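Dear colleague,

Here is the structure I promised to pass on. Please have a look, then read my notes below.

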Amino acid sequence: MYGANNQGIQLGLYHFHNADSPTYIIGLENKEQCMDSKSADSLWKLLRSAIQQIQRKHHSNLNFEELYRYGYYLVMHKHGSVLYSGLQDVISQHLRSKVQNKVLANLNSNFLQVINSSWDHHLTCMTMIRDILMYMDRVYIKQNGLDDIYTLGLSLFKNQQVVCFEGIQHFLQTTLLEMVEKERNGELVDRNAFRCATRMLMVLGNHSPTVYQEIFEGPFLQQTANFCRTESQQLLKEKNASLYLRRVDSHVADEIERSKQCFDELTLPKVTKVVNDELIRAHMKTVAEMNGSGIVYMIEQQSTDDLSCMYKLYARVPDGLKTMFNIISHYLRQQGQILIRDEETNNNALIYVQNLLDLKDKIDFFLINSFSNDRLCKQMIAADFEHILNLNSKSPEYLSLFIDDKLKKTVKVMTDSDKAILLDKTMVLFRFLQDKDLFEQYYSKHLAKRLLLSKVINEENEKDVIVKFKAECGLQYTRKMEGMFRDMWMSTSVTNAFQKHIRDSDEPVHGVDLSVQVLTAVYWPTHQILLPCNVPLVPLTAFTTFKKFYLALHCGRKLTLLPHLGTAELEMYFVRPHCEGEEGEGWQADITGCGEVRSYTLQVSTYQMCILMLFNNRPQWNYQELQEETNICHKDLVRALQILIVGKPSQRVLIKRPNSRKIDHGDFFHVNKSFASKTNRVKLPTYLIKYESESERQDTMKRINEDRNYEIEAAIIRIMKSRRVMHHENLMYELITMLTPRFVPTKENLKTRIEVLIEREYIARNSEDRRIYEYLA
């Protein structure tokens, strides 16, 4: 032990030896007096030796409490500069002489492991040194605006000592990029070493990614862009969209997984953008439109997985899904145009609508299984089917005919549940119709025929459809349809009451079993002007009796017979002569002659009843005579006769001369005495015109346009009455909003109806601004 006394400072130095390293303990006896430079140098030498011991990993026997005091004394006695500059020199010397040389010596073997281990040890040393010199960190460094001890260590490790040393920096960058390239080529790399190296670069930036970006991230992103660009060009040469998508999906997953595992979190969005731009965005239209393997091919081949993969990839880039759905939209509209142009499809309502439903089912299948019910895709599909459906002017009629076919008794192969599902799908098409008022006209007509001809198989299904219409278009839309069902229910009650009346009275009906359906005129679609038909005396007497009975119950009503909607059952007797050659004019229509007598009950229309009952008077009639006697218009008479003269020779009720399907004014008709049927009750086919002719369609549109004019005027009055004063643009907007659920009005038509109401003085223009309308009370 020795002591030294200089300027009143008494130091005690104790030196202990052991096998590992010496330990020094210093005591300052008078803490209030200043410390000279010599004493400060002595203390610094002790601290330097301790720091070097830490750097050599020989710090187990150091007394960190005493080392802290040394640093405290130096700073407190104004020797912080000696301590700070000395610390900087010790760290620099160690990094140059030890770490740098060690790393350079291992450039070609275990480079990353060496630099990572050197970095980890350096961090440990800086942490221990910071703890020892904590007082300098808090006081001297803060007062002088210097880098703190930890930051100083990072800066020295980075700047021209290790990482940024010319030979090491370039080799570190090359090594990291080569490891990425090897992994992309399928080779295994040490991801742990890779991850430690990138984290080291981030820490060296001291809360800034500049070092990381300069040494690794920038070159890596450029390398990734080049790799993706080259890879995409190679894949495009294969001209296989499915292969391209699978490879790209794999590359994207690999790059994202690698970025999450090995790179800083800020790199993930950057590398994702590079990969998306080079592999997906740059070629998304080319891949989607690829002939023989693109989107259209995938849809045709039901490639659900490929479309799902494309959707997942295209969703990663801006406008990716829009590009994809635009191609699907073009495909759908093209398919719709094919359906419309196809004569067989366009001339058959059932095939046309079923093909549309099949197309909708196909694209909905992909919407659910490949596109995750994407909202943009749903909107696109709705817009496309609205375009397709309204592109064909026959769509309202065909859709009504399709529903009519599914609700009639003739459809026996479908269960009620299957029918309900099909009708629900049909309602989806109904929503796409713009001319819903035109559809209402056709549906009302077809519903009337089903009700009057007893074609309704399930009344609940009929009412369910009406409920769906009501939900879509409101109460007014289904008012007439519901009125038809009420009329049918009331008619049943009226018929029962009439039959009871006949039983209880002596009213003449001549044995006619009369069943009457009383139809309210405003509910039923009876647009055509009917000429009066000459009904035979017996059924006419029965009808007159009913008319008298009904009007006695309901005063002020008017009954009009509609023969084109009625049916009848006739008991007919056919006599086959024993002798051959007695056919034709020699045959008498009675049952007293010789021959075999056969009776059948024929179910016919009212027009056919009028025709056949004439043959009770004469065996033969020509066309002109039949028309004069029945007073049936030419078109309806021809239709009624054609049913009676067609079919197999033994199944024809009448025989025409000359024998042809075409009916002329000079043709003759007589009863077919060879008529035969396996059943006693024979129902003749009804002549149903499924499709309107062009002239009938024009008449329908004329009526629809008239009704639309009334609706537009009513809407204008309703709006103006509530608003009193409105600007032209606001009025147009509200009119379109109000009328669109029934039909899409044109602005020209709206302006025309406004002018009409101005002329009729329901509304007037403002005297100062002609674009403002005022309601006139």
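**The β7–β8 loop and its sheet**

Proline 658 sits in the loop that links β7 and β8. The peptide bond between arginine 657 and proline 658 is cis, with omega at about 0°. Bear in mind that this is a predicted model.

The strands on either side of that loop run antiparallel and are joined by 4 bridges, with β8 covering residues 668–671. Leucine 654 has valine 671 of β8 as its bridge partner. Helix α28 (residues 634–645) packs on the sheet and touches both β7 and β8. Its direction makes about 110° with that of β7.

The sheet is open and has 3 strands, in the order β6-β8-β7, with antiparallel pairing. β6 (620–622) and β7 (654–657) each have a single partner strand, so one side of each is left without a neighbour in the sheet. On average, neighbouring strands here are turned by 25° against each other, direction ignored. Helix α27 (residues 623–630) lies across β6 and β8. It runs at about 90° to β6.

**The β10-β12-β11 sheet**

Further along is an open sheet of 3 strands, ordered β10-β12-β11 and paired antiparallel. Its edge strands are β10 (725–727) and β11 (763–765), and each of them pairs on one side only. The average turn between neighbouring strands is 25°, direction ignored.

β10 and β12 (residues 772–775) run antiparallel and are joined by 3 bridges. In β12, glutamate 774 stands opposite valine 725. Helix α30 lies across β10 and β12, at about 90° to β10.

**The second largest pocket**

How much space lies in the second largest pocket? About 680 Å³. It is lined by 29 residues, and those closest to its centre are Glu440, Gln476, Lys480, Glu711 and Arg742. Four helices each supply at least two lining residues: α22 (436–452), α24 (479–504), α29 (694–723) and α30 (728–739). Which of them gives the largest share of the lining? That is α29, with 7 residues. Note that α30 turns up twice in this email: it contributes to this lining and lies across β10 and β12.

**Domains**

The protein is divided into these domains:

- domain 1, 37–162
- domain 2, 170–288
- domain 3, 320–473
- domain 4, 487–564
- domain 5, 566–577 + 594–683
- domain 6, 694–775

The centres of domain 2 and domain 4, taken over C-alpha atoms, are separated by 87 Å.

**A backbone detail**

Glutamine 302 is a residue other than glycine with a positive phi, near 60°. It is found in the loop between α14 (295–300) and α15.

**Confidence**

Mean pLDDT for the protein is 84, and 90% of residues reach 70 or more. Helix α15 (residues 304–314) has the highest confidence, at 94. Strand β1 (residues 2–6) has the lowest, at a mean of 32.

Two stretches call for care. Over residues 1–32, pLDDT stays under 50, and the model has 61 contacts there beyond four places in sequence. Over residues 579–593 it is also below 50, with 19 contacts in the model beyond near neighbours in sequence. Where pLDDT is low, the predicted coordinates should not be read in detail.

Best wishes

Conventions
Residues are numbered from 1 along each chain as its sequence is written. This is a predicted model: local features need pLDDT of at least 70, side-chain atom pairs count only at pLDDT 80 or more; totals for chains, interfaces and linings use all residues. Side-chain values use heavy atoms; hydrogens and water are left out. Two strands pair if DSSP finds at least two bridges between them. Axes are lines fitted to C-alpha atoms, for helices over the stretch in contact, and angles run from 0 to 180 degrees between N-to-C directions. Contact means heavy atoms within 4.5 Å. Domain bounds come from an automatic or database domain assignment. pLDDT is the predictor's confidence in each residue, from 0 to 100. On a 1 Å grid over the protein atoms alone, a cavity is a set of points where a 1.4 Å probe fits but cannot get out, and a pocket is an open set with protein on both sides within 12 Å along at least five of seven lines; lining residues have an atom within 4 Å of a point. Grid points are joined across faces, edges and corners, and a volume is the space filled by probe spheres set on the points.
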